[in-house]
Amino acid sequence: MSAISNKLNTKIRLKLHFRLLVLFFLTISIVGRTSGVTNKILIVNSLSQDTIPVNDSTKKVKKKPPITDPVFSNAKDSTIYSLDGKRIFLYGDAEVKYQNIELKAQYIEFDMEKKEVFAKGMPDSTGKIIGRPQFKEGSNTYTMEDIYYNFGSKKAKIKGVVTEQDGGFMHGEETKKMPDNCVNISHGKFTTCDQLHPHFYIAITKGKLIPNDKIISGPAYLVIEDVPMPIGIPFGFFPSTKKRANGIIIPEYGEEIRRGVYLRGGGYYFGINDNMDMKITGDIYSFGSWLIRDQSTYKKRYKYNGSFNIDYSIIKTDADTITSYNIRWNHTQDAKANPNSTFSANVNFGSTNHNRYNAQSIESFHNNTINSSISYSKNFVGTPFRLNTSFTHSQNNQTKIVNVNFPRVAFSMDKIYPLKSESNSGTAKWYEKIGFSLNTSLDNKVTVKEKNLFKSSIIDSMSNGMKHDIPLSTSFNLFKYIIVSPSVNYSEYWYTKTTRKNWDPVRKKVVEDTIPGFRRAWQYSTGASMSTNIYGMFNFGKDKAIQAIRHKMTPTMSISYRPDFSDPRYGFYKTVQVDTLGRTSKYSIFERGVYGSPGAGESGTIGFGLGNNLEMKVRSSKDTINNFKKIKIFESLSFSSGYNLLADSMNLQNINFNGNTRLFEKIGINFSGSFDPYSLNSTKTGRINRYEYKNGQLARLISANFGIDFSLNSSKKDKGTKKNQQLNGNPDINNDETQFGQSLNSNYNQQIDFNIPWNLRINYNFSYSKPYATKTINQTLGFGGDFSLTPKWKIGFQSGYDFKSHKLSTTSLNISRDLHCWQMNITIIPIGIYKSYSFQINVKSGMLQDLKWKKRDSYLDNLDSSSY
């Protein structure tokens with residue numbers, strides 16, 4: 001029995017070994033295992049349909065294939081098939097692609113028969129979960145802990161999902177994705193923080209995400225640093241669309257002493273169409289003041305873009321009600337839209353007191369002059385002609401004087417050369433360089449007080465006319481190096497009214513009358529100029545630190561002649577008695593004209609000047625290829641004057657000088673001035689025909705200007721550090737513009753660069769004027785800068801010094817703190833009538849721009865009742 005038993009056991013063991021051997025080779029044939037090489041598999045159903053027999057052999061049932069489209073998969077570590085070939089296991093940076101669906105994870109399990117996939121992250125050697133699943137369908141991307149997804153129904157059950165859309169992140173513990181891409185979330189978190197564990201979020205008990213449309217939630221409350229805030233809502237609605245949508249703009253609230261409790265900046269946004277939108281907002285104060293503002297923007301791609309804003313306000317004071325308005329329009333035409341025709345607008349027009357009560361920054365409050373310009377230009381292709389039309393406006397908010405120039409039309413012809421030969425071979429003759437051009441302009445100007453701007457009397461105050469200029473010139477070289485440029489200029493003026501002056505013996509003063517009727521005036525002049533360049537070089541030697549100094553001089557000389565158009569034969573000037581003694585004075589009948597009058601007095605002037613440029617070449621320790629660099633000692637240094645040969649006295653003109661340079665590529669210096677060569681009379685109220693020579697001085701300094709500015713900053717640091725646990729591997733998801741400090745106090749740059757440790761800016765200007773006895777000196781000093789205490793803290797400052805009052809000018813201190821997904825800003829103006837402060841902490845992302853806390857006071861509270 002034992003022998004028989006041993007034989008049976010041997011046979012069984014042989015059969016078992018054989019079967020194990022067959023199974024081993026089968027396993028080898030169906031299992032692909034690699035090390036460090038990515039496996040790529042393309043699975044395609046080769047049959048369009050399968051048939052399965054039933055009881056009736058004549059009937060067959062069609063079965064749809066499990067996967068109707070190719071599935072591409074790969075894994076960095078390994079790919080394993082099940083024995084039945086229906087399941088695939090992917091390890092290490094696994095990826096599955098199906099139609100427009102893409103799934104990446106550290107581990108993926110794929111059931112081809114059920115069309116289901118399961119994915120999750122895997123722990124590394126330290127136990128940290130890596131390779132969390134990332135699911136992408138079309139433009140929607142999701143990050144999660146694990147996922148079950150059915151390719152057929154397009155439904156998914158997800159755990160720990162994070163969905164990103166337009167800078168917003170939705171976290172969900174239990175999530176279901178529906179076939180229409182809607183996502184149902186239980187115990188969700190909505191935030192704009194890109195950390196896996198966000199610094200803040202809106203906790204949502206349950207909600208629904210509709211891609212590119214909205215997020216709807218049930219009861220929700222705010223959580224900051226895992227601390228629930230006593231701020232909640234019964235339901236929530238968060239727009240999340242890439243299309244324009246209308247919506248309410250939430251106002252900010254606060255209190256001012258002068259105007260009371262306020263709601264500011266609230267209103268409604270209209271997304272009119274893809275090319276235009278509009279925002280209407282308003283401010284309302286408990287003491288009766290209010291403001292309404294309309295802001296519109298428009299854009300047509302490759303054509304034009306612009307904005308249009310209107311402000312209207314009523315300010316209630318103790319003694320009066322003040323009305324103000326402001327209109328701003330900016331329009332820019334795309335350069336490619338119509339190269340030969342351009343229209344642009346930059347309009348800033350309003351009441352002179354608008355910025356006093358509604359300024360959005362200190363710069364706006366200090367700005368005493370505003371300007372506007374609307375222009376249209378056209379080039380006539382194939383001709384030398386061009387047309388320019390414009391409307392210009394300027395107003396002084398202190399004097400309340402408004403200047404308007406409309407219409408202004410300029411028609412010009414580029415220089416043409418009528419004697420130029422048609423063949424361009426050889427050097428052109430001197431007469432071939434004779435050319436002339438044409439400039440015709442029409443102007444209508446008026447200067448009035450603001451209160452008279454819209455009255456009918458403004459028409460009588462208008463000054464208008466037309467001017468024609470025809471310059472004729474040529475140029476040639478004299479002795480090869482001297483450029484000679486002769487010229488003749490003719491100008492003609494057309495006016496619709498002139499001025500007459502008469503002595504009134506009863507009132508004993510000169511009476512001025514305006515005489516309507518067309519009159520023309522003209523003047524002409526001729527002249528020639530010569531210029532050349534002279535170079536000088538001094539070499540120190542190539543082994544010296546300073547290798548060479550180069551001096552370039554540009555001497556110029558000119559001569560011009562103009563007749564005396566005050567001669568009675570022209571009829572442009574008349575004489576009027578000016579006092580009871582019978583003394584007379586000459587005046588021009590065109591002196592009120594928009595272009596003035598033809599010149600009085602015969603003039604034959606010789607002008608001369610000298611320009612200088614001084615550079616030196618020094619060794620450079622930074623550049624190893626070109627081991628020298630050029631340093632400009634003087635970028636420009638010039639002198640000029642003139643002598644009138646035909647004047648009866650004081651022939652020599654003032655001596656002028658100006659220059660500028662930049663030292664060490666950091667410090668900019670500019671200066672200018674003028675010397676008068678003639679002395680003053682005994683009372684120092686006028687000049688006399690005697691050269692000034694006193695205490696060794698050949699001339700009197702009558703004006704001088706000097707300015708210096710420089711900016712110093714440290715080199716930028718390498719950020720070097722990477723944020724931990726950031727979603728999708730993006731280190732800078734929150735790149736929305738930071739919205740903070742939009743009050744008068746906030747003149748600090750809102751796009752703060754926290755990467756520069758420090759920066760310093762200083763500018764100083766000095767002006768001197770003493771044409772007669774009275775001397776005037778003005779000095780201004782401004783300085784500002786910022787420095788980073790840490791990579792997250794930055795302090796900035798801006799101030800100046802008033803040399804007249806010997807006090808600091810408007811000073812502001814700005815403190816900023818980068819809180820990753822939040823931003824804090826403090827602005828303090830400690831002294832002056834603008835003394836105020838502003839504190840704001842807000843979310844960086846514009847999606848939750850209303851999630852902020854702001855506290856500030858107003859500079860208007862510092863004004864007394866009379867100035868208010």
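**A walk through a strand-rich chain**

Let's start with the whole chain: of its 868 residues, 34% are buried. Keep in mind as you look around that this is a predicted model. Its secondary structure adds up to 57 strands and three helices. The accessible surface comes to about 51,700 Å², and carbon and sulfur atoms account for 56% of that. Now think about who touches whom. If you take the contacts between residues at least 6 apart in sequence, 50% of them join residues at least 24 apart.

Next, head inside. In soluble globular proteins, nonpolar side chains tend to be buried together. Here, the largest nonpolar core has 40 residues, and the members that touch the most others are I108, F135, I147, Y149, F151 and F200. Several strands each supply at least two residues of this core, among them β7 (87-98), β8 (101-111), β14 (146-150) and β18 (200-210). A second, separate core has 13 residues, including A521, Y570, F572 and Y587.

Let's zoom in on F200. Which residues does F200 touch, leaving out those up to four places away in sequence? Its partners include T191, T192 and C193, along with L222, V223 and I224. The list also takes in C821, W822, V843, L848 and L851.

Finally, visit another phenylalanine, F664. You'll find F664 in the loop between β45 (655-663) and β46 (667-676). Is F664 buried or exposed? F664 counts as exposed because its relative accessibility is 69%, and the cut-off for that label is over 50%. From F664 you can also look across to I633: the two are 31 residues apart along the chain, and their C-alpha atoms are separated by 9.8 Å.

Note on methods:
Residues are numbered from 1 along each chain as its sequence is written. This is a predicted model: local features need pLDDT of at least 70, side-chain atom pairs count only at pLDDT 80 or more; totals for chains, interfaces and linings use all residues. Side-chain values use heavy atoms; hydrogens and water are left out. Helices (H or I, at least four residues) and strands (E, at least two) are DSSP runs, numbered from the N terminus. Buried means under 20% relative accessible area, exposed over 50%, partly exposed in between (1.4 Å probe, protein chains only). Contact means heavy atoms within 4.5 Å. Accessible areas come from the Shrake-Rupley method with a 1.4 Å probe; for residues, only the protein chains shown count as cover. A nonpolar core is a set of buried Ala, Val, Leu, Ile, Met, Phe, Trp, Tyr and Cys residues joined through side-chain atoms within 4.5 Å.
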